[in-house]
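The following exchange asks how descriptive terms are justified by computed values. Each answer sets a value against its definition.

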Amino acid sequence: MSTTHFQAPVVIENKDGWGPTDETFQYKDMPYQPYSKSDQIGKIADWTGTVYGDKRNYNRYRSQYGAGVGMYQYIHDDDENTFQIVDSTRLPKPAFQKRSRYQQNRFNSQQNQNRFSSMQTAFAGTQKKSKTMKNLEMDQMRQMRKWKKQFGNRADPRQHQQAKQREPSVRVREDWQVIDEISFSNLAKLSLPNVGEPEEMSVCGSLEYYDKRYDRISTKSEKKLTMVNRLIHKITTTKDPVIRQICKTYGNVFATDAIISTLMSCTRSVYPWDIVVDKIGSRLFFDKREDSTIDMLTVNETANDPPPEDGTMDSAKSLGMEAVFINHNFAQQVLRMNEERYKFPKPNPFIQPDEENEAASVVYRYRSWDLGNNLTIVIRCEQDCIQIGPNGEEQFVNIKALNEWNPKAGSNLDWRTKLDMQRGAVLAAELRNNGFKLAKWTTCAILAGSDQIKFGYVSRQNFKDASRHTILGMQNFKPQEFATQMALNIDNGWGIIRALVDLFMNKPDGRYLITKDAMKPILRIYSVPENSFDSEEEPSDDENDRQEQK
């Protein structure tokens with residue numbers, strides 16, 4: 001039996017390190033890559049590693065020694081010597097050749113549509129349409145007519161998102177001089193936190209009691225808004241006989257709540273407005289022009305998509321007049337009319353004694369605040385009605401109305417479907433769309449010291465008819481709590497008033513005009529001649545005497 005013999009191979013010892021030596025001639029010209037025994041050998045070639053980077057297998061087949069710099073890496077020194085840089089920058093196109101992405105897509109779609117229509121026309125002559133094809137074409141035509149009716153043949157929806165150019169509230173004349181410009185950002189930083197409680201100077205008028213049955217109105221039991229023919233006075237500051245009497249012995253700044261609330265919440269305004277300021281000695285009178293927009297109401301002024309100014313039924317001006325009409329009638333309809341009124345010691349100063357039953361329910365409170373630095377402001381405030389509280393106490397109330405004109409316009413909500421179940425969402429939408437108007441109403445209620453402010457939700461019976469309305473609900477708040485809810489800072493409002501008073505007190509006697517810029521969040525103050533608006537006012541007794549002497 002033959003035995004197996006094992007012949008040991010020749011092993012050359014490397015005394016200087018690890019690896020083959022020069023004596024191993026059969027491996028003399030072969031490059032050597034250091035490796036580890038734990039390296040996994042599974043890939044021969046990989047051309048997708050740099051394209052589809054899978055991080056889980058990134059280090060799976062990589063050597064632990066000399067990763068990325070091995071002997072088998074591609075060396076491109078020779079290729080870099082022949083590489084040349086090529087200018088790949090784009091040449092700028094002329095202005096008439098530039099196209100946006102929207103215009104390019106629209107152009108391509110028109111080209112494809114024209115090409116398809118020409119092919120369809122050529123193909124239609126050789127093929128007879130089936131009944132199914134005819135019905136399909138009729139459905140497409142019906143859908144196109146529906147879209148055209150809904151969107152009004154608008155080719156580019158973004159063309160309606162351009163900035164609306166508004167007209168200023170008053171035409172600036174050449175002899176008016178700009179004395180200051182104040183941005184809303186600077187006004188928002190002001191604060192006067194140390195204004196104390198007001199002092200009651202005089203209370204005039206009579207109030208009717210609120211009808212609590214209107215608190216139970218809902219969308220399922222809506223009530224029609226009726227017209228109430230009553231006298232409503234909007235007397236300006238300098239024509240108020242009570243203020244004329246008070247200014248002789250007390251105070252040095254005089255205004256109405258409508259004017260002061262506009263200034264205190266002016267940083268929320270968008271539409272233009274103006275206020276006249278007369279400085280006579282050490283006294284200031286904040287007044288308004290005869291055709292001023294201070295007493296007008298706005299609708300969706302602070303919305304992202306405000307109403308257009310095209311003179312239609314749903315234009316900004318028409319909606320403002322509709323809101324005034326609704327508020328005048330709503331504030332009187334919700335009262336217990338033809339009953340005994342709550343009377344104050346002094347009567348309404350703007351009516352005759354025999355007109356008391358025809359006058360609207362209103363009380364005028366003349367209140368004064370100390371602004372510091374020997375400055376005292378007297379403001380005429382208004383309240384609309386009185387109600388009996390849960391503990392039998394008397395509560396004075398301000399009543400306002402929010403009106404719905406088109407639930408499909410902008411970010412409006414449908415009150416008839418949302419008001420009962422989601423009243424908070426409806427109120428949040430109104431705070432977003434009518435922030436300036438609600439801030440003015442809340443400021444007026446706080447200045448008057450009202451216990452409650454009631455908001456009525458009034459909507460059109462038919463959204464194409466602006467003359468008939470229905471009451472869908474009521475909601476009441478405490479003025480201070482509602483101001484906190486809408487982030488209305490009264491200290492900031494007093495800071496704005498104090499800054500304006502200090503500005504005019506340092507100016508010479510004369511007439512000034514505060515205007516809100518039509519497009520920018522800026523208050524611009526003009527020095528105007530004393531006879532700038534005399535044609536709009538009644539002549540005084542001195543002026544009549546001068547005319548008679550002539």
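Q: Which residues in H6 meet which residues in H12?
A: On the H6 side they are Ile260, Leu263 and Met264, and on the H12 side Ile490, Gly493, Trp494, Ile496, Ile497 and Leu500. To meet, or to be in contact, is to have heavy atoms within 4.5 Å. Helices (H or I, at least four residues) and strands (E, at least two) are DSSP runs, numbered from the N terminus. By class, this contact holds eight nonpolar residues, one polar residue and no charged residues. Here Ala, Val, Leu, Ile, Met, Phe, Trp, Tyr, Cys and Pro count as nonpolar, Asp, Glu, Lys and Arg as charged, and the others, Gly among them, as polar.

Q: On what kind of model do these statements rest, and how are its residues numbered and its values limited?
A: The model is predicted: local features need pLDDT of at least 70, side-chain atom pairs count only at pLDDT 80 or more, and totals for chains, interfaces and linings use all residues. Residues are numbered from 1 along each chain as its sequence is written, and side-chain values use heavy atoms, with hydrogens and water left out.

Q: Why are H6 and H12 called roughly perpendicular?
A: The axes of H6 (residues 257-264) and H12 (residues 490-505) come within 8 Å and cross at roughly 105 degrees. Axes are lines fitted to C-alpha atoms, for helices over the stretch in contact, and angles run from 0 to 180 degrees between N-to-C directions. Angles under 35 degrees count as roughly parallel, over 145 as roughly antiparallel, 65 to 115 as roughly perpendicular and the rest as oblique. H6 and H12 are therefore roughly perpendicular to each other.

Q: Why are H6 and H10 called oblique?
A: H6 and H10 (residues 435-448) pack at about 125 degrees, with axes 9 Å apart. H6 and H10 are therefore oblique to each other. Their contact is made by Asp257, Ala258, Ile260, Ser261, Thr262 and Met264 of H6 together with Phe436, Lys440, Thr443, Cys444 and Leu447 of H10. The residues of this contact divide into six nonpolar, three polar and two charged.

Q: What makes H12 and H10 mostly covered?
A: In H12, twelve of the 16 residues are buried, including Trp494, Arg498 and Phe504. In H10, 14 of 14 residues are buried. Buried means under 20% relative accessible area, exposed over 50%, and partly exposed in between (1.4 Å probe, protein chains only). In the chain, buried residues make up 39% of the 550 residues.

Q: How do you know that the span of H7 agrees with the expected one?
A: The expected span of a helix is 1.5 Å times one less than its number of residues. For the 18 residues of H7 (residues 316-333) this gives 26 Å, and the end C-alpha atoms are 26 Å apart, so the two values agree. H7 is also mostly covered, with 13 of its 18 residues buried. H10, with 14 residues, reaches 20 Å from its first C-alpha to its last, close to the expected 20 Å.

Q: Why is Tyr250 called partly exposed?
A: Tyr250 has a relative accessibility of 29%, so it counts as partly exposed. This residue lies in the loop between helix H5 (241-246) and strand S4 (253-256). Not counting residues up to four places away in sequence, Tyr250 touches Glu199, Met201, Ser368, Thr376 and Val378. Tyr250 and Ser368 are 118 residues apart in sequence and 9.4 Å apart in space, C-alpha to C-alpha.

Q: Why is Arg216 called exposed?
A: The relative accessible area of Arg216 is 60%, so Arg216 is exposed. Arg216 belongs to the loop between strand S2 (199-207) and strand S3 (223-224). The C-alpha atoms of Arg216 and Gly473 are separated by 7.6 Å, although these residues are 257 apart along the chain.

Q: What makes the phi values of Asn300 and Asn338 worth noting?
A: Most residues other than glycine have a negative phi. Asn300, however, has a positive phi near 55 degrees, and Asn338 a positive phi of about 65 degrees.

Q: Which of the opposite words, buried or exposed, applies to Asn300, and which to Asn338?
A: Asn300, in the loop between strand S6 (283-287) and H7, has a relative accessible area of 5% and is therefore buried. Asn338, in the loop between H7 and strand S7 (342-343), has 80% and is therefore exposed.
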